[in-house]
Amino acid sequence: MDDEQTGRSTPARQSAPLSRRGFLLGTGSLLGAAAVPALTTAGTAAAAAQQVITDGARVPALIVGSGYGGAVAALRLTQAGVQTQLVEMGQSWTTPGSDGKIFCNMLNPDQRSFWFRTRTDQPVGYFSGIEVNKSISSYAGVLDSEQFAATRIYQGRGVGGGSLVNGGMAVTPKRSYFEEILPSVDADEMYTTYFPRATTALGVNTIDQTWFESADCYQYARVSRKTATNAGFTTTFVPNVYDFTYMKAEQASQVPRSALASEVIYGNNYGKRSLDKTYLAAAAATGRLTISPLHTVTSLAPAPGGGYSVQLTQIDTGGAVIAHKSVVADRVFLAAGSVGTSKLLVSMKAQGRLADLPSAVGQGWGNNGNVMVARAGWDLTGALQSGMPAMGIDNWADPNGPVFAEIAPFPAGTELWINLYLAITKNPNRAAFQFNSSTGQVDLTWQAAQTQPSIDAAKHMFDQINAKAGTIYRTDLFGVYKTWGDDFVYHPLGGCVLNQATDNYGRLPGYAGLYVVDGSLIPGSTGVNPFVTITALAERNLAQIIATDLA
Ligand SMILES: Cc1cc2nc3c(=O)[nH]c(=O)nc-3n(C[C@H](O)[C@H](O)[C@H](O)COP(=O)(O)OP(=O)(O)OC[C@H]3O[C@@H](n4cnc5c(N)ncnc54)[C@H](O)[C@@H]3O)c2cc1C
C-alpha cells in the first residue's frame with residue numbers, strides 16, 4: 001500500500017466535544033458486565049457493520065481494532081449501556097467470493113489471503129528448498145505479514161482480528177508463570193473469575209480423547225506424541241475454539257470441510273468460533289454497537305474541551321481511499337494489537353499529539369519466544385490433517401530451556417512425513433518500537449540474534465527427540481538449508497505494558513479516558529498461545545473501568 005492507502009496523510013479536522021453525561025447515559029451495572037454472551041450467529045456482528053461512522057461524529061466510546069481486546073471492550077461497554085463505535089482497518093468477512101466461499105484455503109491462496117500484497121508470504125515459504133509463494137492481486141486480505149528490520153509479524157485483518165486466522169488454541173497460562181510476568185495483577189481473581197469468564201465467552205471446547213486416538217486427521221499429532229514420549233517428554237491436550245463436534249462431522253464426511261480442508265491462516269469457512277460469532281455478535285445483539293470495517297485510525301490527540309479527536313481513513317477492498325474522517329470520542333479504547341497500538345502511541349508521542357505519554361510506551365515488546373521447526377520422521381503423518389492443533393509438548397519446567405511446543409499440522413493434502421512444531425520459549429530478550437523521523441514510520445528494534453535463546457531451548461528439546469527417534473531436522477521449509485523458522489512471529493506481545501506504560505488497568509497516565517485493552521499490555525511473553533490471556537486480562541480491566549470510571 002502507498003501512503004495514501006494507509007491513510008497516513010489524513011488531514012486533521014476540528015469537532016465539538018461530547019459531554020461526559022452523554023457517555024454515561026444508560027450506563028448499566030456490573031451485573032451486566034459479568035454476564036456471559038451466548039454463542040450467536042455471525043449475522044448479528046455483520047448487521048452492526050451496516051452503518052459506518054460518519055465524518056464529524058461525536059461518540060461516547062470508540063474502540064480501535066476488533067481482535068480480542070476490542071471484542072471484550074465492545075461487549076462489556078454495550079452491556080453497560082454505552083453506545084459504542086468500533087473501527088477496524090480490515091473488512092467484515094461476510095461476502096463469498098466467486099467460489100462461494102468467504103475464505104480461501106492454504107493450498108490455493110488467492111487475493112483473499114494477504115493484506116495488500118502481490119505475492120503470498122507464507123510462514124513455511126519453501127519446500128525442498130524451493131520458494132513456494134505465488135502471485136496474487138493486491139486486496140484487503142485477511143492475513144498481514146508486517147515486515148520490520150529483523151522480523152515479520154503475522155496479524156489478522158478484519159472484523160475479528162487475529163481470531164479469523166489463528167489456530168484457535170485456547171490455552172490458560174500456568175499460574176506460576178502468569179504471576180511472574182504480571183505480578184501487579186491479582187492471580188486469585190484471574191484464575192477464579194476472569195480466565196473462566198473468558199474461556200466461556202470464547203466458546204472454548206476440548207477434544208473427545210477417544211475420538212482423537214482413532215481420527216485420521218490427528219495421526220500427525222499422535223506420531224509427534226509418540227516420539228516426544230519416547231524421549232521422556234510430556235504431552236498435553238490443548239483446548240480450542242474450533243467446534244470439535246463439527247470437526248468430527250467433517251471427518252465423517254457429513255458436513256462441508258474446513259479444518260480438514262486446509263483452512264486456517266487465511267480463515268475458516270466453518271467450524272471456528274471466531275470473535276465475530278462470539279463476543280462481537282453478542283455485543284451487536286445489544287443494539288448499541290456500530291462496526292466500521294475498512295477504517296484505519298491514523299491519528300489521535302486530546303480534543304479541545306475534552307475527549308479525543310480521532311482521524312480515520314476509509315478504504316475499499318482494493319485499497320482506494322473512500323473518505324478521510326474526523327470524529328471526537330469521549331473515551332478511546334486502543335485494541336489495535338501489540339503492533340497497531342504501539343505504533344499509534346509511539347508516533348503520536350513523537351509527533352507531539354500525545355506528548356506526555358510515559359517513556360515506557362513502545363517498550364517491552366517480545367515475540368512470546370516463538371520459533372518454528374520441523375522434523376523428518378519415519379512414521380506416516382497422514383494425508384488428511386486437521387488444521388487445528390490439539391496437542392502440545394510441555395517442557396516448560398526444564399531449567400535448561402522452558403519450551404511449550406504446539407504440535408502443528410502440515411495440511412498439504414498428501415503424505416509428507418513432516419512433523420511440524422511452533423515452539424513457545426522463555427526468551428528474555430525484548431525490543432522497542434521507535435519513531436523514525438526520516439521515514440515517518442515506526443521501527444521495531446528486534447535483532448535476529450535476539451531469537452537465539454528460543455532456538456537454543458527448542459534445539460535442546462528436539463535434539464533429544466531426534467536422537468531417540470533416529471530422525472533429523474528438515475532444512476528445506478524455512479529457506480534454503482535453514483532449520484529454524486526464526487524470522488517471523490505469530491504472537492507479538494507488549495509495547496504498552498500493564499503497570500509500566502499504563503496504570504494497573506490499562507489507563508494511559510495523563511490522558512483520562514484513553515485506554516489500552518489488547519496484547520500490548522502483556523510484557524512480551526505468556527508461555528503459551530496468548531489469546532486467552534489477552535481476553536481474560538481485558539475482562540478484568542474492563543470490569544474495573546466500568547465500575548470506577550463510568551460509575
Ligand atoms: C497465524 C496465526 C496463528 C495464531 N494461532 C494462535 C492460537 O492458536 N492461539 C492463540 O492464543 N493465539 C494465536 N495467535 C495469536 C493471536 O491471534 C493474537 O495473540 C491475538 O489475535 C492478539 O489479540 P489482540 O486483541 O491483541 O489484537 P488482534 O487480534 O491482532 O486485533 C487487532 C485488530 O486491530 C486492527 N487494527 C490495527 N491497527 C488499526 C488501526 N490503526 N485502525 C483500525 N484498526 C486497526 C487489526 O486489523 C486487527 O483486526 C495466532 C496468530 C496468527 C497470526
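Biologist: How many of the 14 residues of strand 11 are buried?

Modeller: The model is a predicted one. In it, strand 11 covers residues 321–334. Because most of these residues are buried, the strand is largely enclosed by the rest of the structure. The number of buried residues is 11.

Biologist: Which residue of strand 20 stands opposite Leu334?

Modeller: Strand 11 and strand 20, which covers residues 514–516, pair in the parallel sense over three bridges. Leu334 is also the bridge partner of Val64 in strand 1. Strand 1 spans residues 58–64 and runs parallel to strand 11, with six bridges between the two. On the side of strand 20, the residue opposite Leu334 is Val516.

Biologist: What is the bridge partner of Leu312 in strand 11?

Modeller: Strands of a sheet pair through backbone hydrogen bonds, either parallel or antiparallel. Strand 10 and strand 11 run antiparallel and are joined by eight bridges. In strand 11, the partner of Leu312 is Lys325.

Biologist: Which residue takes a positive phi in the hairpin of strand 10 and strand 11?

Modeller: This hairpin has five residues between its strands. One of them must be sought by its backbone angle, and the value of phi in question is near 100°. The residue is Gly319.

Biologist: Is Ile315 buried or exposed?

Modeller: Ile315 lies in strand 10. A residue counts as buried under 20% relative accessible area. The relative accessible area of Ile315 is 2%, and therefore the residue is buried.

Biologist: How many bridges pair strand 9 with strand 10?

Modeller: Strand 9 is mostly covered, with seven of its eight residues buried. Its partner, strand 10, comprises residues 308–315, and the two pair in the antiparallel sense. Within this pairing, Ala301 stands opposite Ser309. The number of bridges is seven.

Biologist: Which element gives the most residues to the shell around the ligand?

Modeller: There are 35 residues around the ligand, and Glu88, Gly162, Met169, Gly519 and Phe531 come nearest. By kind, the shell divides into 15 nonpolar, 17 polar and three charged residues. With three residues, the element that gives the most is strand 9.

Biologist: What percentage of the area that the ligand exposes when taken alone does the protein bury?

Modeller: Polar backbone atoms approach the ligand at several points. A backbone N or O atom of Val297 is 3.0 Å from a nitrogen atom of the ligand, and a polar backbone atom of Met89 is 3.1 Å from a ligand nitrogen atom. Taken alone, the ligand exposes 1000 Å², and the share of this buried by the protein is 94%.

Biologist: How many bridges join strand 5 and strand 6?

Modeller: An open sheet of mixed pairing is formed by three strands in the order 5-6-19. Its edge strands, each pairing on one side only, are strand 5 (143–147) and strand 19 (488–489). Strand 5 and strand 6 pair in the antiparallel sense, and Glu146 stands opposite Ile153 of strand 6. The number of bridges between strand 5 and strand 6 is five.

Biologist: What distance does helix 12 reach from its first C-alpha to its last?

Modeller: Helix 12 consists of 14 residues, 337–350. Its buried residues include Val339, Leu344 and Met348. At 1.5 Å a residue, a span of 20 Å is expected, and the helix is close to this value. The distance reached is 20 Å.

Biologist: Is Ser253 buried or exposed?

Modeller: Most residues other than glycine have a negative phi, and most peptide bonds are trans. Ser253, however, has a positive phi near 60°, and this residue is found in the loop between helix 10 (244–251) and helix 11 (279–285). A residue counts as exposed over 50% relative accessible area. Because its relative accessibility is 57%, Ser253 is exposed.

Biologist: With the side chain of which residue does the side chain of Asn268 make a polar contact?

Modeller: Asn268 also lies in the loop between helix 10 and helix 11, but its relative accessibility is 5%, so it counts as buried. A polar atom of its side chain is 2.9 Å from the backbone oxygen of Glu263. At 3.0 Å, the side-chain partner of Asn268 is Ser258.

Definitions and conventions: Residues are numbered from 1 along each chain as its sequence is written. This is a predicted model: local features need pLDDT of at least 70, side-chain atom pairs count only at pLDDT 80 or more; totals for chains, interfaces and linings use all residues. Side-chain values use heavy atoms; hydrogens and water are left out. A residue is near a molecule or strand if one of its heavy atoms lies within 4 Å of it. A polar contact is a pair of N or O atoms within 3.5 Å; within protein, one must be able to donate a hydrogen and the other to accept it, and residues adjacent in sequence count only if both atoms are side-chain atoms. Accessible areas come from the Shrake-Rupley method with a 1.4 Å probe; for residues, only the protein chains shown count as cover. Helices (H or I, at least four residues) and strands (E, at least two) are DSSP runs, numbered from the N terminus. Ala, Val, Leu, Ile, Met, Phe, Trp, Tyr, Cys and Pro count as nonpolar, Asp, Glu, Lys and Arg as charged, and the others, Gly among them, as polar. The expected span of a helix is 1.5 Å times one less than its number of residues. Buried means under 20% relative accessible area, exposed over 50%, partly exposed in between (1.4 Å probe, protein chains only). Two strands pair if DSSP finds at least two bridges between them.
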